[in-house]
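Visitor: I'd like to learn how to read the spaces and the ligand site in a model like this. Could you walk me through them?

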Amino acid sequence: MSKVVVSIITVFPELFAEWAGTSLIARACQTGRLTLNCLRLSDYAAPKERIDTPACGPGAGMVLKAPIVSAAIEHAWAQYGKGSVCFFTPSGTLLTQRVCKALVGSWGLAREADAQEPAVDAVRHIVLVCGRYEGVDCRVITYYNGIELSIGNYVLMGGDLPAQVFLESVLRYVPSVVGDAQSVEHDSFSGSLVDYPAYGQPNEWNGLSVPAVLLSGDHGRIEKWRHDTALERSVYSHFGWLRTSMLSDVQRARVGVVMPAHYVILMHDQVLIGRKEAVPGTTSVTTIDVHDIARSCATYGVKKFFVVTPLKDQQELLRVFFEFWHTDQGRMYNHNRYDAMSCVQVVDSLADAEAAIAELHDGMMPIKIATSARAVHGVQSLAFDHQASAWTHQAPIALLFGTGQGMTQELLQQCQYVLTPLYGFTRYNHLSVRAAVAIVLDRWLGYFQPVEE
Ligand SMILES: C[S@@+](CC[C@H](N)C(=O)[O-])C[C@H]1O[C@@H](n2cnc3c(N)ncnc32)[C@H](O)[C@@H]1O
């Protein structure tokens, strides 16, 4: 039987007493799978010596002394053998389920199903150092090649709660700490979706019912309901996490189906023109824009790309262009580009584009999200991780892009939202509209595949 020993170095071991004696942690200790070894930092100081010292340089703040923290680590190692040393610090690696799983794997603590069982009676020793004051003298972390972990981008008074949070999360992966391996595998953030919502008895409570499907006894339907609800929750409430998780091609396609329908509208009308004094006007279409934007739209699952121009000669130019791309000639020349081009539609006005979208959605008008290279006042701003705000409307989404010097104020003010301008770490942000569309679509709808660990 493998055994996990966790040495916890802290100023206040009493903070762990009740926690360690409760629930699953207590049971793991009773069964002998887990040993918690709390070390009081002051026990490693000379009599009457302080455990902290002023931080070097001007300003207030005390740090935990390097020789004292080091003596506690050495003592823990002498007791249970050398083991990884983790330091809790707000600026450490953010603790996520993925980080937990990777650490558990690297320490050989994983459940039997995921890991080769270690040699009989193998002891895995982990040392956790809980900081206080301004933290631990950073040389200790360097010397012990420590793993720095943060439980969130906020600052607590000490590392004791982070140590408990960390253990409650990693120990779920240790065999026999959590009885049911399945419940761990289905946990939110463990697989590709967050968990489905949980219901219990009674069936009716305060006017709220358990969904009928869960009481149907039909396991197939229940599984489907669980999967569909988990998928919907993941897309609508946790898109930031979902888009960075490991998803198969099939899973990515399912996400694409659940996401609200998106449309791109390229405005050649109601835009500002003129170099010195920008005035409202119309711009000419550019086939390279149409071509490249169509390909971006196809990549990011945009349903249709509307080119808005009221100018008949411009519409005629596009008609000739599409005579090739919307026919067999174009398909035979390059079927990928033919596919992309099939989503392009030329319309006279924004109202026509909106009406065409509404027709595809039982009359539901799209939520209009403007884009601009400059800040826009009077329209609610959306950051690129605010999909949930726009998606709660349960309506199709139209992303509007301007040409020339950008959309007129009048047009911008008709939109429900405006995305924050695209910037790098420079003052320059004069992108071509086709580049802007590609970047916006990637930031708003893109999947950021993680590297397999
Ligand atoms: C007051 S904090 C020190 C903050 C430090 N001056 C900083 O800004 O990084 C004292 C201790 O609390 C713990 N701590 C505070 N916030 C934490 C967090 N978000 N994650 C992990 N540990 C944290 C660390 O052990 C830290 O050394």
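Visitor: Which strands each supply at least two residues of the shell around the ligand?

Guide: Happy to help, and please keep in mind that this is a predicted model. Strand 5 (84–94) and strand 7 (147–150) each supply at least two residues of that shell. Strand 5 gives the most, with 3 residues.

Visitor: Which residues come nearest to the ligand?

Guide: There are 19 residues around the ligand, and Phe88, Glu134, Gly152, Tyr154 and Leu156 come nearest. By class, the shell has 10 nonpolar, 7 polar and 2 charged residues.

Visitor: Which backbone atoms should I look at around the ligand's nitrogen and oxygen atoms?

Guide: Start with Tyr154, where a polar backbone atom is 2.7 Å from a nitrogen atom of the ligand. The protein buries 83% of the 590 Å² that the ligand exposes when taken alone. For Gly131, a backbone N or O atom lies 3.0 Å from a ligand oxygen atom. At Thr89, a polar backbone atom is 3.5 Å from a nitrogen atom of the ligand.

Visitor: And how do I read empty space?

Guide: The general idea is to roll a probe the size of a water molecule over the atoms, which shows where empty space is left. Here, the largest pocket holds about 760 Å³ of space. Of its 32 lining residues, Ala373, Gly402, Gly404, Gln405 and Gly406 are the closest to its centre.

Visitor: Which element gives the largest share of that lining?

Guide: Helix 18 does, with 4 residues. Strand 17 (397–402), helix 17 (409–412) and helix 18 (433–445) each supply at least two. By class, the lining has 14 nonpolar, 15 polar and 3 charged residues.

Note on methods:
Residues are numbered from 1 along each chain as its sequence is written. This is a predicted model: local features need pLDDT of at least 70, side-chain atom pairs count only at pLDDT 80 or more; totals for chains, interfaces and linings use all residues. Side-chain values use heavy atoms; hydrogens and water are left out. On a 1 Å grid over the protein atoms alone, a cavity is a set of points where a 1.4 Å probe fits but cannot get out, and a pocket is an open set with protein on both sides within 12 Å along at least five of seven lines; lining residues have an atom within 4 Å of a point. Grid points are joined across faces, edges and corners, and a volume is the space filled by probe spheres set on the points. Ala, Val, Leu, Ile, Met, Phe, Trp, Tyr, Cys and Pro count as nonpolar, Asp, Glu, Lys and Arg as charged, and the others, Gly among them, as polar. A residue is near a molecule or strand if one of its heavy atoms lies within 4 Å of it. A polar contact is a pair of N or O atoms within 3.5 Å; within protein, one must be able to donate a hydrogen and the other to accept it, and residues adjacent in sequence count only if both atoms are side-chain atoms. Accessible areas come from the Shrake-Rupley method with a 1.4 Å probe; for residues, only the protein chains shown count as cover.
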